[in-house]
Amino acid sequence: MGNRAALMSTPTVFVVDDDVSVRESLELLIQSAGWRSETFDSAVPFLSRPHVAVPSCLILDVSLPDLDGLELQKRIADDRVDMPIIFITGYGDVPTTVRAMKAGALEFLTKPFVDDVLLSAIDHAIERSRAAAEFAATVRGLRERYASLTRREREVMALVVSGRLNKQVAAELAISEITVKAHRGKMMRKMRADSLADLVNMAATLSPQMRG
């Protein structure tokens with residue numbers, strides 16, 4: 001049971017490269033560093049792979065038989081933001097490198113590369129993935145708490161984080177100051193905010209949802 005849990009929590013490094021020798025050598029290198037490895041010979045089977053719930057990154061060849069690396073990067077940009085991409089290529093040209101980096105690639109390495117350089121890039125990518133996953137979990141929690149607020153509590157929250165005093169909130173909502181205090185207290189408890197500053201930070205994270 002312990003081994004299975006450890007395996008499920010081990011970071012995963014995906015490799016998409018149509019060269020079998022590259023896939024095999026990268027798989028050995030990745031596993032020797034203590035990470036899990038999954039390899040694919042083209043973009044299409046990788047796209048059908050369900051999202052993993054562990055820190056991960058993608059080592060991606062630029063030239064592929066179906067979708068090229070840049071197109072695959074574009075396809076996964078929105079739904080796999082917690083999966084940094086390390087591009088590898090047999091030939092490096094400046095325009096391709098610039099396009100990849102502008103689209104968010106973490107590294108762009110030209111074959112042959114030094115193992116330690118790649119391992120360092122993977123380590124950086126895994127840490128970035130872990131931080132992104134933690135932030136996503138925080139945002140999900142905040143959204144759930146915000147969704148639990150009543151309409152009036154949301155109105156009070158919006159006015160409070162904009163700097164209004166209780167009496168100003170009362171005047172804007174045409175309710176008593178005592179009622180504002182009651183709504184504010186419930187709202188703070190539901191949001192698990194310890195202070196106004198804490199609530200303001202939460203609102204900044206939730207701003208798209210609060211505007212909606």
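Is Glu 155 buried, partly exposed or exposed? Select Glu 155 in the viewer to begin. This residue counts as partly exposed, because its relative accessible area is 25% and the partly exposed class lies between 20% and 50%. Keep in mind throughout that the model is predicted.

**Stop 1: helix α7**

Stay with Glu 155 and add Arg 151 to the selection. The two form a salt bridge, and their closest N and O atoms are 2.8 Å apart. Both belong to helix α7, residues 151-161, where a spacing of 4 residues puts about one helical turn between them. Arg 151 has a relative accessible area of 58%, so this residue is exposed.

Now select Glu 153, also in α7. Its relative accessibility is 3%, so Glu 153 counts as buried. Val 156, Met 157, Leu 159 and Val 160 of α7 are buried as well. Move on to Gly 163, just after the helix, which takes a positive phi of about 100°.

**Stop 2: from α7 to α9**

Keep Glu 153 selected and add Lys 190. These two residues form a salt bridge with 2.9 Å between the closest N and O atoms. Lys 190 is in helix α9, residues 177-191, and Glu 153 is in α7, so the bridge ties together parts that lie 37 residues apart in sequence. What is the exposure of Lys 190? Lys 190 is partly exposed, at 30% relative accessible area.

Next, select Asp 17, Asp 61 and Lys 111. They are joined into one network by salt bridges that share partners. The structure holds 11 salt bridges.

**Stop 3: helix α6 and its partner α2**

Select Glu 127 and Arg 130. Their side chains meet in a salt bridge, at 2.6 Å from N to O. Both residues lie in helix α6, 3 residues apart, or about one turn of the helix. Glu 127 is partly exposed, with 43% relative accessible area. Arg 130 is partly exposed too, at 28% relative accessibility.

Now show the whole of α6, residues 115-147, together with helix α2, residues 20-32. Two packed helices are described by the angle between their axes and the distance between the axes. For α2 and α6 the angle is about 60°, and the axes are 11 Å apart. The crossing of α2 past α6 is right-handed. Which residues make the contact? On α2, select Leu 26, Leu 29 and Ile 30; on α6, select Asp 115, Leu 118, Leu 119 and Ile 122. Sorted by class, the contact has 6 nonpolar residues, no polar ones and 1 charged residue.

**Stop 4: the cores**

Where is the largest nonpolar core to be found? Select Phe 14, Val 16, Phe 46, Leu 58, Leu 60, Leu 72 and Phe 87, the residues with the most contacts inside this core of 21 residues. The elements that supply two or more residues to the core are β1 (12-16), α3 (43-47), β3 (56-61), α4 (69-75) and β4 (85-89). Apart from this core lies another, of 20 residues, and Val 160, Ala 170, Met 202 and Ala 203 are among them.

Return to Leu 60 and display its surroundings. Beyond its neighbours within four places in sequence, Leu 60 is in contact with Val 16, Gly 69, Leu 72, Gln 73, Ile 85, Ile 86, Phe 87 and Ile 88.

One of these contacts, Gly 69, is the next residue to select. Gly 69 is in helix α4 and counts as buried, because its relative accessibility is 0%. With neighbours within four places set aside, Gly 69 is in contact with Leu 60, Asp 61, Val 62, Leu 64 and Phe 87. Draw a line from the C-alpha of Gly 69 to that of Thr 89: the two are 20 residues apart along the chain and separated by 9.7 Å.

**Stop 5: two last residues**

Select Arg 99, in helix α5, residues 94-102. This residue is exposed, with a relative accessible area of 52%. Between Arg 99 and Leu 70 the C-alpha distance is 7.9 Å, and 29 residues separate the pair in sequence.

Finish with Thr 10, in the loop between α1 (2-9) and β1. Its relative accessibility is 16%, so Thr 10 counts as buried. Not counting residues up to four places away in sequence, Thr 10 touches Gly 34, Trp 35, Arg 36 and Val 54.

Notes: Residues are numbered from 1 along each chain as its sequence is written. This is a predicted model: local features need pLDDT of at least 70, side-chain atom pairs count only at pLDDT 80 or more; totals for chains, interfaces and linings use all residues. Side-chain values use heavy atoms; hydrogens and water are left out. Axes are lines fitted to C-alpha atoms, for helices over the stretch in contact, and angles run from 0 to 180 degrees between N-to-C directions. A crossing is left-handed if the near helix is turned anticlockwise from the far one by less than a right angle, and right-handed if clockwise. Contact means heavy atoms within 4.5 Å. Ala, Val, Leu, Ile, Met, Phe, Trp, Tyr, Cys and Pro count as nonpolar, Asp, Glu, Lys and Arg as charged, and the others, Gly among them, as polar. A nonpolar core is a set of buried Ala, Val, Leu, Ile, Met, Phe, Trp, Tyr and Cys residues joined through side-chain atoms within 4.5 Å. Buried means under 20% relative accessible area, exposed over 50%, partly exposed in between (1.4 Å probe, protein chains only). A salt bridge is a side-chain nitrogen of Lys or Arg within 4 Å of a carboxyl oxygen of Asp or Glu.
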